[in-house]
Structures are given as C-alpha cells and as structure tokens.
Amino acid sequence: MKSCPQCGAPVADDARFCTQCGYSFQGQPAQPQAAYRLPETKQRGSIWAVLGPVLAILIIGIGLLLVPRSFWEKKPKVETETEITVRQEALQMLNEAFETGKAKLEAEMAKGEDADPEKIKELQLALEEVREKIKENQ
Ligand SMILES: [Zn+2]
C-alpha cells in the first residue's frame, strides 16, 4: 500500500488515482511509498538512526574483546606432552608388532607346501587388527 500524498488515504500500489480525493499518481515514481515515508522516520529517529548502528558495532566490538582469547583458539582438544608420548609409544609398539607379524607370516608362507593355512589365516587376521589400531592411533 502507498498513501496518497494529497489526502494521506491508503491507496493500492498499482492505483492510478486516489479513491478518496482523486489525486492522480500518473508520472509518479514506481514506489512513491518510500519517498513519502522516509522524511517521517528520519525526523523521528535521526539521532538513533546514526548512533544505533555505531553503538551496536561498539557493543559487539567490546563484547568480542571481553571474550577470553582461549575461546577463539582451536577447539580440538590439544594433546599434552604425555599424551603425545604415550600415543607415539603405542604406535611404535604397534608398528613393531606389525613388522613381527608380517615376518612370521612371510616365514610361514615361505614354507610353501608345509605352510599351515590356519596359522597363515591367524597371522593375517592379527596383522589386520594391528593395522586398524595403527590407523586409530595416527
Ligand atoms: Zn487522496
């Protein structure tokens, strides 16, 4: 809705004439509503129209400054020295277990016809397991 600039009556946006006073909208800008309303709001809230956004930015800025810096630092849990050492030692042990298992498997397979298929299967499963654990710890 727009309002008639002459009598102030609400008029349909696409109306060419005011239904109250017959004012002609011909040749008026497409959206006269904004043009007529703006001065009103400007007069009423001129100070706050300017100060409002400035204050809002200031308040947000101060708020951000007050937030402890740790809040912005990377959230993912930081490992302590001890945790890193423990994990690395575990990883090393797993790698060694993997190497040992692999060597055993290769030795068993090298036996050719004398190789124990059960043992090979067992070693392969064990190696898979160790490999999964290595992945978890990396
Ligand atoms: Zn009118």
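**Exercise 1. Contacts and burial of Val11**

Task: in this predicted model, state which residues Val11 touches, leaving out those up to four places away in sequence, and decide whether Val11 is buried or exposed.

Solution.
- Step 1. Outside that sequence window, Val11 is in contact with Met1, Lys2, Ser3, Cys4, Cys18 and Thr19.
- Step 2. The residue belongs to strand β2.
- Step 3. For one of these partners, Met1, the separation along the chain is 10 residues, and the C-alpha atoms of Val11 and Met1 are 5.8 Å apart.
- Step 4. A residue is buried if 20 or more other C-beta atoms lie within 10 Å of its own. Val11 has 23 C-beta neighbours inside 10 Å and therefore counts as buried.

**Exercise 2. Cys18**

Task: locate Cys18 relative to the helices and strands, list its contacts beyond four places in sequence, and classify its burial.

Solution.
- Step 1. Cys18 sits in the loop that runs between β2 and α1 (32-66).
- Step 2. Its contacts, with residues up to four places away left out, are Cys4, Gln6, Cys7, Ala9, Val11 and Tyr23.
- Step 3. Cys4 is 14 residues from Cys18 along the chain, with 6.2 Å between the two C-alpha atoms.
- Step 4. Cys18 has 20 other C-beta atoms within 10 Å, so this residue is buried.
- Step 5. For the protein chain as a whole, 6% of the 138 residues count as buried.

**Exercise 3. Packing of α3 and α4**

Task: describe how helix α3 (residues 81-110) packs with helix α4 (residues 117-137).

Solution.
- Step 1. Two packed helices are described by the angle between their axes and the distance between the axes.
- Step 2. For α3 and α4 the angle is about 160 degrees and the axes are 9 Å apart.
- Step 3. Angles over 145 degrees count as roughly antiparallel, so α3 and α4 are roughly antiparallel to each other.
- Step 4. The crossing of α3 with α4 is left-handed.
- Step 5. The residues of this contact comprise 13 nonpolar, four polar and seven charged.

**Exercise 4. Chain layout and confidence**

Task: give the order of elements along the protein chain, and state which element has the lowest mean pLDDT and which the highest.

Solution.
- Step 1. There are four helices and two strands, arranged in sequence as β-β-α-α-α-α.
- Step 2. Of the contacts between residues at least 6 apart in sequence, 33% join residues at least 24 apart.
- Step 3. Mean pLDDT for the protein chain is 83, with 83% of its residues at 70 or more.
- Step 4. Among the elements, strand β2 (residues 10-11) has the highest mean pLDDT, 92, and helix α2 (residues 69-72) the lowest, 71.
- Step 5. Where pLDDT is low, the predicted coordinates should not be read in detail.

Conventions
Residues are numbered from 1 along each chain as its sequence is written. This is a predicted model: local features need pLDDT of at least 70, side-chain atom pairs count only at pLDDT 80 or more; totals for chains, interfaces and linings use all residues. pLDDT is the predictor's confidence in each residue, from 0 to 100. A residue is buried if 20 or more other C-beta atoms lie within 10 Å of its own, exposed if 12 or fewer, and partly exposed in between; C-beta atoms are placed from the backbone. Two residues are in contact if their C-beta atoms, placed from the backbone, lie within 7 Å. Axes are lines fitted to C-alpha atoms, for helices over the stretch in contact, and angles run from 0 to 180 degrees between N-to-C directions. Angles under 35 degrees count as roughly parallel, over 145 as roughly antiparallel, 65 to 115 as roughly perpendicular and the rest as oblique. A crossing is left-handed if the near helix is turned anticlockwise from the far one by less than a right angle, and right-handed if clockwise. Ala, Val, Leu, Ile, Met, Phe, Trp, Tyr, Cys and Pro count as nonpolar, Asp, Glu, Lys and Arg as charged, and the others, Gly among them, as polar.
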